[in-house]
Amino acid sequence: MTTNPAEEPLERQLRVRVPADVAYSYWTDPEKMLQWQGIEADIVPEVGGIYRVNVTGKDITRGEFLEVVPNERFVITWGFEREGHPIPAGSTRVEVLFEAKGDVTLVRVRHSGITKSEELNTAYGWQHYLTRLGLVAAGRDPGPDSWASPPPPPAASAAPPAPTE
């Protein structure tokens, strides 16, 4: 693994036709997050709070909120929990800004600390999920995430069937 970070932060942006508070909630409310990214989420949007999203069923991102200005911006540490992943949990920073202009909000993602070797994969990931967020913000269903594993089936009941007479 190379430890040489890219010189410039990776930046992506998306315009959504919702107020900034709604756009912000898609990132900070676990139920809303799961509409566009992940199958489980534990998000506490306060300084020191956890940011943990089981994105695909096997890839879990984890970090901590470093800065929080509701409806305007937040900064988190970010990376993957899986041992040996080239972007370890908490090793990079993601800043998400929400800039309201009338009934449109510009959502800007700035991801810094990514190694050059992971820059393309990370850019592809942000593009995939920002596209899904755009659909949700427009009131559309993005459908199942092609990157996510289906959730496991419900556990079978351990109780034996009741006897019949």
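1. Helices and strands here are DSSP runs, numbered from the N terminus: a helix is H or I with at least four residues, and a strand is E with at least two. With that in hand, you can place Q37, which sits in the loop between α2 (30-33) and β2. We will come back to Q37 below.

2. A word on the source: this is a predicted model, in which local features need pLDDT of at least 70, side-chain atom pairs count only at pLDDT 80 or more, and totals for chains, interfaces and linings use all residues. Residues are numbered from 1 along each chain as its sequence is written, and side-chain values use heavy atoms, with hydrogens and water left out.

3. Start with the overall layout. The chain holds 3 helices and 7 strands, and from the N terminus the order of elements is β-α-α-β-β-β-β-β-β-α. Of the 165 residues in the chain, 39% are buried (buried means under 20% relative accessible area, exposed over 50%, partly exposed in between, with a 1.4 Å probe and protein chains only). Among contacts with a separation of 6 or more, 43% are between residues 24 or more positions apart (contact means heavy atoms within 4.5 Å).

4. Now follow the strands β2, β3 and β4. Two strands pair if DSSP finds at least two bridges between them. Strands β2 (residues 40-43) and β3 (residues 50-54) run antiparallel and are joined by 4 bridges; A41 has V53 in β3 as its bridge partner. The two strands form a hairpin with 6 residues between them, and G48 in the turn has a positive phi of about 90°. Next, β3 is joined to β4 (residues 60-69) by 5 bridges, again antiparallel, with I50 opposite E64 in β4. This hairpin has 5 residues between the strands, and G57 takes a positive phi near 100°.

5. A second group of strands is β1, β6 and β7. β1 and β7 run antiparallel, joined by 7 bridges, and L14 has V107 in β7 as its bridge partner. β6 and β7 also pair in the antiparallel sense, over 9 bridges; here K101 is partnered with V104 in β7. Their hairpin has 2 residues between the strands, with G102 at a positive phi near 70°.

6. Which elements do the buried residues of α3 pack against? They pack against β1 (10-16), α1 (20-28), β6 (92-101) and β7 (104-112). The buried residues of α3 include T122, G125, W126, Y129, L133 and A137. The helix also passes a simple length check: its 19 residues should span 27 Å at 1.5 Å a residue, and its end C-alpha atoms are 26 Å apart, which agrees (the expected span is 1.5 Å times one less than the number of residues). After α3 comes G139, with a positive phi near 85°.

7. Back to Q37, together with Y129 of helix α3. Why does Q37 count as buried? Its relative accessibility is 8%. Y129 counts as buried too, because its relative accessibility is 4%. The two residues are 92 residues apart in sequence, yet 6.4 Å apart in space, C-alpha to C-alpha. Leaving aside neighbours within four places in sequence, Q37 is in contact with Y51, V53, V55 and Y129. On the same basis, Y129 is in contact with W36, Q37, V55, T56, D145 and W147.

8. Finally, look at the empty spaces, which are found on a 1 Å grid over the protein atoms alone. A cavity is a set of points where a 1.4 Å probe fits but cannot get out; a pocket is an open set with protein on both sides within 12 Å along at least five of seven lines; lining residues have an atom within 4 Å of a point. Grid points are joined across faces, edges and corners, and a volume is the space filled by probe spheres set on the points. The largest pocket holds about 420 Å³. Its lining has 20 residues, with W78, F80, N121, G125 and W147 nearest the centre, and α3 (residues 119-137) gives the most to this lining, with 6 residues.

9. What about closed spaces? The whole structure has 1 cavity of 30 Å³ or more, and the largest cavity holds about 40 Å³. Residues lining the largest cavity include A6, E8, L10, H111 and E119.
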